[in-house]
Amino acid sequence: MPIIGIYAIVSATVFALGGYLGHTLTANSYKADMLEAQKQALIEYTTQTEKLNGISAELEKSKNEKQIVYRTITKKVEKLIERPIYSIDCIDADGVQLINSALAGKTSDTKESITVLPTITTVGRKEEF
């Protein structure tokens, strides 16, 4: 074989071997860079997560301190009813005595305690007996 053919074969082999080594080194370098980037991203993620967890814990703590509590307070109030009808004397003392004796089952012996009350007509005039 001529010398130029040998040089061509050797140079083609060296060129192919150089390309292969260059590709391998570049790929390994790329993988190493990607692995380093992933490690850095993981470190940033964990620091941000810890920071957010701390902020969330502080928020929950402040919510618990400011929580509104509703309480029902009941008071007992004495109810007084004052109506004018209860303050008017409708029956005199003799009438109360007759009613009490009737409720007790006693009959009155005297006729003088019984009086005839005047009646009111539908027109509103009093009739006297």
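**Helix H3 and its surroundings in a predicted model**

Just after helix H3, Gly105 adopts a positive phi of about 90°. In this predicted model, H3 comprises 12 residues and extends 16 Å from its first C-alpha to its last, which is close to the 16 Å expected at 1.5 Å a residue. On the other side of H3, the loop between helix H2 (84-87) and helix H3 (93-104) contains Ile91. With a relative accessible area of 43%, Ile91 is classed as partly exposed, since that class lies between the buried limit of under 20% and the exposed limit of over 50%. Ile91 also joins Val96, Ile99 and Leu103 in forming a nonpolar surface patch of about 370 Å². In general, an α-helix has 3.6 residues a turn, so residues three or four places apart point the same way.

At the level of the whole chain, three helices and two strands are found, and these elements follow one another from the N terminus in the order α-α-α-β-β. Of the 129 residues, 2% count as buried, while the accessible surface of the chain comes to about 13,300 Å², with 61% of this area belonging to carbon and sulfur atoms.

The confidence of the prediction varies along the chain, for which the average pLDDT is 77 and 75% of the residues score at least 70. Confidence is highest in helix H1 (residues 3-65), at a mean of 86, and lowest in strand E2 (residues 126-127), at a mean of 50. Where pLDDT is low, the predicted coordinates should not be read in detail.

Methods:
Residues numbered from 1 in each chain as written. Predicted model: local features only at pLDDT ≥ 70, side-chain atom pairs only at ≥ 80, totals over all residues. Heavy atoms only, no water. Helix = DSSP H or I, 4+ residues; strand = E, 2+ residues; numbered from the N terminus. Buried < 20%, exposed > 50% of the residue type's maximum accessible area, 1.4 Å probe, protein only. Areas by Shrake-Rupley, 256 points an atom, 1.4 Å probe, with all protein chains shown as cover. Patch = residues over 30% accessible without salt bridge, like charges linked within 9 Å, V, L, I, M, F, W, Y side chains within 5 Å. Salt bridge = Lys/Arg side-chain N within 4 Å of Asp/Glu carboxyl O. pLDDT = per-residue confidence, 0-100. Expected span 1.5 Å × (residues − 1).
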